Amino acid sequence: MSKLTGEIRVRAEGAGYERLLSGAIKSGAHLWDVRRDARAVVFRMPAAEFPALRPGARASQCRVKIIEKRGLTFRGRALTARLALPAGIALAAVLWLLATCFVWTVNVTGVPPDSAARITSALERAGASPGAWKRGLRFAAIESAILENYPELTYLGLKFSGLSLIAEARLMIPPPEVFDPSKRIDIIADKHGMIERVSVISGKANVRPGQIVKPGDVLVYGVTQAADGSASATGARAEVWARIWVRGTAQIPLLCEKRTDTGRIETKTAVRFLDHWLSPERSPSFAQYRSSVTRTPLLKGLFIPCEVVRYDYIEENVTSEVVELEDARVKAEILAHENASRAAPEDVVVVDKHVQFDMIEGNTVKSIVYLETRQMIGKPHIP
């Protein structure tokens with residue numbers, strides 16, 4: 001019976017081990033294969049009776065140690081431990097195979113965000129949304145229905161990529177406008193400016209150098225003059241160059257804050273699954289700080305929409321610092337010039353620059369930069 005319930009081999013060391021054996025036998029413990037030497041005794045007993053030895057071991061000042069275990073009970077525990085890993089792997093594989101049968105995310109590529117949102121809504125109405133059963137989706141029917149309802153699309157292709165449904169779409173490209181010389185087309189101004197040069201290929205100029213124009217003013221009429229004085233309609237073609245001013249502003253306070261690191265850093269980790277956060281509050285204990293975020297896929301390469309997000313918070317000490325007036329003027333002018341340059345097209349030529357400064361409430365320097373640029377203005381207009 002002990003082979004089934006488990007038996008142990010025990011070694012008891014100490015001068016009072018005879019007292020330990022006598023107390024164990026009197027308490028009803030079953031001992032066998034007892035072997036003595038000068039300082040210790042070794043014996044076998046049922047594993048279930050081992051706890052009864054501990055009070056006697058303390059009373060006889062002996063140290064009791066299990067040196068061998070036998071029986072089905074211990075073998076079962078070892079077998080269970082050995083089977084836990086393969087069983088866990090098998091369960092994970094089954095769950096993974098089950099997860100791959102569903103759509104987790106839907107991504108639309110190849111079109112602007114507004115068109116992608118409309119296509120995503122259409123896919124949801126057709127049943128192609130997160131949580132859909134992959135085998136239940138009929139790509140050909142879904143593609144045909146969406147292309148029929150959205151004539152601006154010329155192509156829509158659906159495919160699976162891991163756990164995601166990818167919709168590749170293409171918008172219709174409008175054909176280029178065909179120039180018709182017999183149709184009257186004027187050229188009008190699309191910006192405010194001062195005319196610098198007019199080069200007319202066809203049509204009749206309506207402006208001259210030095211003239212100020214505003215958006216909508218006719219620059220070149222789509223008419224041509226015949227030798228007999230008669231006028232006929234035509235498509236105006238011309239290059240009209242103008243001086244256009246671009247404005248940029250910037251403000252620099254004379255009293256600004258200065259941030260320095262204190263050396264204290266807090267790191268917090270969160271788990272993000274789809275759009276849900278599986279983590280506690282991520283706010284740091286610092287009052288002033290800057291942060292950085294590192295995102296790592298939980299199972300890289302398996303396309304599972306789950307990631308580990310690490311937040312590093314660096315504490316900062318914020319103090320006030322006085323800026324010299326001249327330094328503030330220089331910084332304000334540089335920032336205002338950058339803002340004006342961003343407001344102008346990339347291919348324009350800057351001819352001149354004008355700078356103005358102002359003081360706001362005695363503690364802020366304001367800079368206004370006017371860039372005088374040379375641009376070609378005008379767009380076709382059918383009267």
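Two strands count as paired if DSSP finds at least two bridges between them. E1 and strand E3 (residues 40–46) clear that bar, with seven bridges in the antiparallel sense. Keep in mind that this is a predicted model. Here's a quick tour: a sheet, two nonpolar cores, some aromatic pairs and a couple of residues worth a look.

**The four-stranded sheet**

- The sheet is open, has four strands in the order E2-E3-E1-E4, and pairs them antiparallel.
- On the edges sit strand E2 (32–36) and strand E4 (63–70), each of which pairs on one side only.
- From one strand to the next, the twist averages 20 degrees.
- Strand E1 (residues 7–13) also pairs with E4, again in the antiparallel sense and over seven bridges.
- Arginine 9 is a handy landmark here: it stands opposite glutamate 68 in E4, and its bridge partner in E3 is arginine 44.
- Glutamate 7 has its own counterpart in E4, standing opposite arginine 70.

**An edge-strand residue with positive phi**

- Aspartate 33 isn't a glycine, yet it has a positive phi of about 50 degrees.
- You'll find aspartate 33 in strand E2, one of the edge strands of the sheet.
- Its relative accessibility is 33%, so aspartate 33 counts as partly exposed, given that the partly exposed class runs between under 20% for buried and over 50% for exposed.

**The nonpolar cores**

- The largest nonpolar core has 20 residues, and the ones touching the most other members are Val108, Ile119, Leu123, Ile142 and Ile146.
- Strand E5 (105–109), helix H5 (113–125), helix H6 (139–149), strand E6 (153–161) and strand E7 (164–171) each put in at least two residues.
- H5 gives the largest share of this core, namely four residues.
- Zooming in on isoleucine 146, and not counting residues up to four places away in sequence, its contacts are Ala122, Leu123, Leu153 and Leu156.
- There's also a second, separate core of 15 residues, whose members include Val10, Ala29, Met45 and Phe50.

**Aromatic pairs**

- Searching the whole structure turns up four aromatic pairs.
- One of them is phenylalanine 102 with tryptophan 133, an edge-to-face pair at 5.1 Å centre to centre with 80 degrees between the planes.
- That pair links distant parts of the chain, 31 residues apart: phenylalanine 102 is in the loop between helix H4 (72–99) and E5, and tryptophan 133 is in the loop between H5 and H6.
- Neither partner is fully tucked away: phenylalanine 102 is partly exposed at 30% relative accessible area, and tryptophan 133 is partly exposed at 40%.
- Tyrosine 289 and tyrosine 313 have ring centres 5.3 Å apart and planes at 85 degrees, so this pair is edge-to-face too.
- Because tyrosine 289 lies in strand E18 (residues 289–297) and tyrosine 313 in strand E19 (residues 306–322), the pair ties together parts that are 24 residues apart in sequence.
- The two tyrosines fall into separate exposure classes: tyrosine 289 is partly exposed at 34%, whereas tyrosine 313 is buried at 6%.
- Tyr289 and Tyr313 also belong to one aromatic cluster together with Tyr311.

**Asparagine 206 in its loop**

- Asparagine 206 sits in the loop between strand E10 (204–205) and strand E11 (212–213).
- With a relative accessible area of 35%, asparagine 206 is partly exposed.
- Leaving aside neighbours within four places in sequence, asparagine 206 is in contact with Gln211, Val218, Leu219, Val220 and Tyr221.
- Among those contacts, valine 218 has its backbone oxygen 3.0 Å from a polar atom of the asparagine 206 side chain.
- Going the other way along the chain, isoleucine 188 is 18 residues from asparagine 206, and their C-alpha atoms are separated by 9.8 Å.

Technical notes: Residues numbered from 1 in each chain as written. Predicted model: local features only at pLDDT ≥ 70, side-chain atom pairs only at ≥ 80, totals over all residues. Heavy atoms only, no water. Axes fitted to C-alpha atoms, helices over the stretch in contact; angles between N-to-C directions. Core = buried A, V, L, I, M, F, W, Y, C linked by side-chain atoms within 4.5 Å. Buried < 20%, exposed > 50% of the residue type's maximum accessible area, 1.4 Å probe, protein only. Contact = heavy atoms within 4.5 Å. Polar contact = N/O pair within 3.5 Å; in protein donor to acceptor, adjacent residues only side chain to side chain. Phe/Tyr/Trp six-rings, centres within 6.5 Å; stacked < 30°, edge-to-face > 60°.
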